Amino acid sequence: MLSYQHIYHAGCIADVHKHSILSVIFSHLILKGKALSYFETHAGRGLYDLESQEAQKTKEADMGIERVLKDNVFPKEHPYLQIVEKSRLLYGNRIYPGSPIFAEYLLGNEDQIHLMELHPQEVNFLRKTPHKSNVHIHFRNGFEGVLGLAPPTPRRGFVFIDPSYEIKNEYGVVLEFVKKLHRKWPEGIVAVWYPKLKAGHHESMVEEILELDLKNIIVSELEFADKKTCKGMYGSGMLIVNCPFGVNDAISDCKDRLEVYYKN
Ligand SMILES: C[S@@+](CC[C@H](N)C(=O)[O-])C[C@H]1O[C@@H](n2cnc3c(N)ncnc32)[C@H](O)[C@@H]1O
């Protein structure tokens, strides 16, 4: 039973951290001009209506994207901002774009984009949005789906793993998935998003991935609440394996901008 719906959290500060990092990686990857394969294990619905009842119930976007836009946290030319603005121009000011939209707008037409989503309602939303012909939507378990297609053609590529971590053992599932994926496709870039929770469930997953001794691992962790007093998520983490050479500074810059801002 899938109960998590990202609409309750769309545009929150963790989304800004996650999507700004994805944006700088996509913008870097297209510079080479060589086609690539991109996969999302957990795509979500693609476009989120921040005026919907669900989003208004939590109002998480108020402290995330809306605050970041109001205070010009990112410069105008930043790819993250460009895609938020492009989505709003196309679909209205109530919209927040999800990870599939950042990928579709920032990657090239030659790149093959595979989006996996298991929730029938979310996949229906994703299918309703017009997509380019290089975008393939799969209504299936993303862990199985990506392993089934890896290594892909073109072999140059990137997998983004963004589960809801509703069940505690999902951290272990991600760890095993990263190991299996790496055996099948050692050169693939892999990005894992995870929440930083007081219970610390993410810690062993991150430590064990680091111990696998894979190449070019970058970890970006943003803390936006006080761990001691906060009841839920106090931070957002993104771990990248085979991180492309030359993008580290842009990844740190995303975190630095948000960190300085949220500390004030
Ligand atoms: C955190 S949300 C994804 C958000 C999206 N990546 C973004 O940044 O816009 C997680 C999504 O994974 C879906 N999901 C949960 N388990 C899944 C699985 N095993 N395979 C594919 N999708 C799954 C949920 O329905 C939910 O839409």
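This briefing walks through helix packing, buried helix faces, and some local backbone features of the structure above. The model is a predicted one. Two helix pairs make a good starting point: α4 with α5, which pack at an angle of about 100°, and α8 with α9, which pack at about 15°. From there the tour moves to the buried residues of α6 and α9, to a residue in strand β7, and finally to the loops, where two cis peptide bonds and two non-glycine residues with positive phi are worth a look.

**Helices α4 and α5**

- Helix α4 spans residues 79-91 and helix α5 spans residues 99-106; their axes lie 10 Å apart and make an angle of about 100°.
- Angles of 65 to 115 degrees count as roughly perpendicular, and α4 and α5 are therefore roughly perpendicular to each other.
- On the α4 side, the contact is made by P79, Y80, I83, V84, K86, S87, L90 and Y91, which meet I101, F102, Y105 and L106 of α5.
- Sorted by class, this contact between α4 and α5 holds ten nonpolar residues, one polar and one charged.

**Helices α8 and α9**

- Helix α8 covers residues 170-184 and helix α9 covers residues 201-211, with an angle of about 15° between them and their axes 9 Å apart.
- Since angles under 35 degrees count as roughly parallel, α8 is roughly parallel to α9.
- The crossing of α8 past α9 is right-handed.
- From α8, the residues in this contact are Y171, V174, L175 and V178; from α9, they are H201, H202, M205, E208 and I209.
- By class, the α8 and α9 contact comprises six nonpolar residues, two polar and one charged.

**The buried side of α6**

- Which residues of helix α6 (residues 120-128) are buried? They are E122, V123 and L126.
- These residues span an arc of only 95° around the axis, so they sit on the same side of α6.
- Packed against the buried residues of α6 are α5, β4 (112-117) and β5 (135-139).

**More on α9**

- H202, M205, V206 and I209 are the buried residues of α9.
- Looking down the axis of α9, these buried residues fall within an arc of 95°, so they line one face of the helix.
- The cover over the buried residues of α9 includes α8, β7 (189-197), β8 and β9 (233-241).
- H202, M205 and I209 also appear among the α9 residues that contact α8.
- E203 is in helix α9 too, and with a relative accessibility of 36% E203 counts as partly exposed.
- For a sense of distance, E203 and R94 are separated by 109 residues in sequence and by 35 Å in space, C-alpha to C-alpha.

**A191 in strand β7**

- Is A191, a residue of strand β7, buried or exposed? A191 counts as buried, at 0% relative accessibility.
- Leaving aside residues up to four places away in sequence, A191 touches F158, V159, F160, I161, M238, L239 and I240.
- Between A191 and E144 there are 17 Å in space, C-alpha to C-alpha, for a separation of 47 residues in sequence.

**Cis peptide bonds between α7 and β6**

- A150 and P151 are joined by a cis peptide bond, with omega about -5°.
- P151 lies in the loop between α7 (142-149) and β6 (157-161).
- Another cis bond runs from T153 to P154, with omega near -5°.
- P154 is likewise placed in the loop between α7 and β6.

**Positive phi outside glycine**

- Y165 is not a glycine, yet its phi is positive, at about 50°.
- Y165 is found in the loop between β6 and α8, where it is buried, with a relative accessible area of 8%.
- D213 is not a glycine either, and its phi is positive at about 60°.
- D213 follows α9 and lies in the loop between α9 and β8 (218-223).
- D213 is exposed, with a relative accessible area of 68%.

How values were computed
Residues numbered from 1 in each chain as written. Predicted model: local features only at pLDDT ≥ 70, side-chain atom pairs only at ≥ 80, totals over all residues. Heavy atoms only, no water. Axes fitted to C-alpha atoms, helices over the stretch in contact; angles between N-to-C directions. Helix = DSSP H or I, 4+ residues; strand = E, 2+ residues; numbered from the N terminus. Parallel < 35°, antiparallel > 145°, perpendicular 65-115°, else oblique. Contact = heavy atoms within 4.5 Å. Nonpolar A, V, L, I, M, F, W, Y, C, P; charged D, E, K, R; others polar. Buried < 20%, exposed > 50% of the residue type's maximum accessible area, 1.4 Å probe, protein only. Arc of directions from axis to C-beta. Left-handed = near helix turned anticlockwise from the far one by under 90°.
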